[in-house]
Amino acid sequence: MPAGPDPTSAARRNARTILNRLKKRYPAIGTALAYRDPWQLLVATVMSAQTTDEQVNKVTPVLFRRWPEPADLAAADPEAVEEVIFSTGFYRQKTRSIQALSADLGERFGGVVPGDLDELVTLRGVGRKTASVVLAEAFGVPAIAVDTHVKRVSNRLGLVADEDPVRIESALKALHPEREWGGISMRYIQFGRDVCDAKTPRCWECPLRDRCAYPGKTPAP
Ligand code: SF4
């Protein structure tokens, strides 16, 4: 991962203040995806692309009841899987991904999800963002997943000035002590959904307004 220049102590303090306010707003936060083990979370996270966690939670009970282990899902008839996950959208692509990653798990990891970022991203259909979600949520390993919300919020707040997810991850890691990494993404994501919306950020009621230099702030309605 590319390492940028060390952040100043003022930048670290600012990042801590921002995170503390988000912790106040979201004291306990984790993924809304329902899962019983790391493999289920991996599958559910892949399926959550371009849809809501709620929608994914409606289909995963059926999916995991029908194919309870990675080997079962890997060997399933793709059309039957597509039928089950149809309502989450992009169902063909998602079926290919969840079957491929389940097959990889069986072939190379004995059906057990590795708790290591470098190994997780070798699974077909698993990117750095998905791997980081699984590490932070299912393994409690310090990781920061950068999705569209994390990217937008951290740029608007001036914590980063970058569009590249890997460099943003690196910059956020440099700004925060490792013990905080696991609690960053979910709070940024929720804040991005609730307040710092992509099109119309609710700046008038934003608890971070005094920390934000975003020039496109929305005036009170
Ligand atoms: S002030 Fe507006 S743009 Fe800045 S973080 Fe808050 S909601 Fe987002």
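This passage describes the fold, the core, the ligand surroundings and one end of the chain in a predicted model. Because the model is predicted, local features need pLDDT of at least 70 and side-chain atom pairs count only at pLDDT 80 or more, while totals for chains, interfaces and linings use all residues. Residues are numbered from 1 along each chain as its sequence is written.

The protein chain contains twelve helices and zero strands, where helices (H or I, at least four residues) and strands (E, at least two) are DSSP runs numbered from the N terminus. Its pattern along the sequence is α-α-α-α-α-α-α-α-α-α-α-α. The C-alpha trace spans about 55 × 40 × 30 Å along its principal axes. The radius of gyration of the protein chain, 19 Å, agrees with the value near 17 Å for a compact globule of 221 residues; this radius is taken over C-alpha atoms, and the globule rule is 2.2 Å times the number of residues to the power 0.38.

The domain assignment, which is automatic or comes from a database, gives domain 1 (9-29 + 146-211) and domain 2 (38-112). The centres of domain 1 and domain 2, taken over C-alpha atoms, are separated by 30 Å.

Of the 221 residues, 34% are buried. A residue is buried if 20 or more other C-beta atoms lie within 10 Å of its own, exposed if 12 or fewer, and partly exposed in between, with C-beta atoms placed from the backbone. The largest nonpolar core (a set of buried Ala, Val, Leu, Ile, Met, Phe, Trp, Tyr and Cys residues joined through C-beta atoms within 7 Å) has 51 residues, and Leu 42, Val 43, Met 47, Leu 101, Val 134, Ile 144 and Leu 172 touch the most other members. Helix α2 (residues 38-47) gives the most to this core, namely seven residues. Domain 1 and domain 2 each supply at least three residues to this core. Apart from neighbours within four places in sequence, Leu 172 is in contact (C-beta atoms, placed from the backbone, within 7 Å) with Ile 144, Ser 154, Leu 159 and Ile 184.

Around the ligand there are 13 residues, of which Cys 196, Pro 201, Cys 203, Cys 206 and Cys 212 come nearest; a residue is near if its C-beta atom, placed from the backbone, lies within 6 Å of the molecule. The shell comprises nine nonpolar, no polar and four charged residues.

Pro 221 lies in the segment after α12 (184-194). Pro 221 counts as exposed because it has 6 C-beta neighbours inside 10 Å. The C-alpha atoms of Pro 221 and Leu 22 are 24 Å apart, with their positions 199 residues apart along the chain.

Note on methods:
Two residues are in contact if their C-beta atoms, placed from the backbone, lie within 7 Å. Ala, Val, Leu, Ile, Met, Phe, Trp, Tyr, Cys and Pro count as nonpolar, Asp, Glu, Lys and Arg as charged, and the others, Gly among them, as polar.
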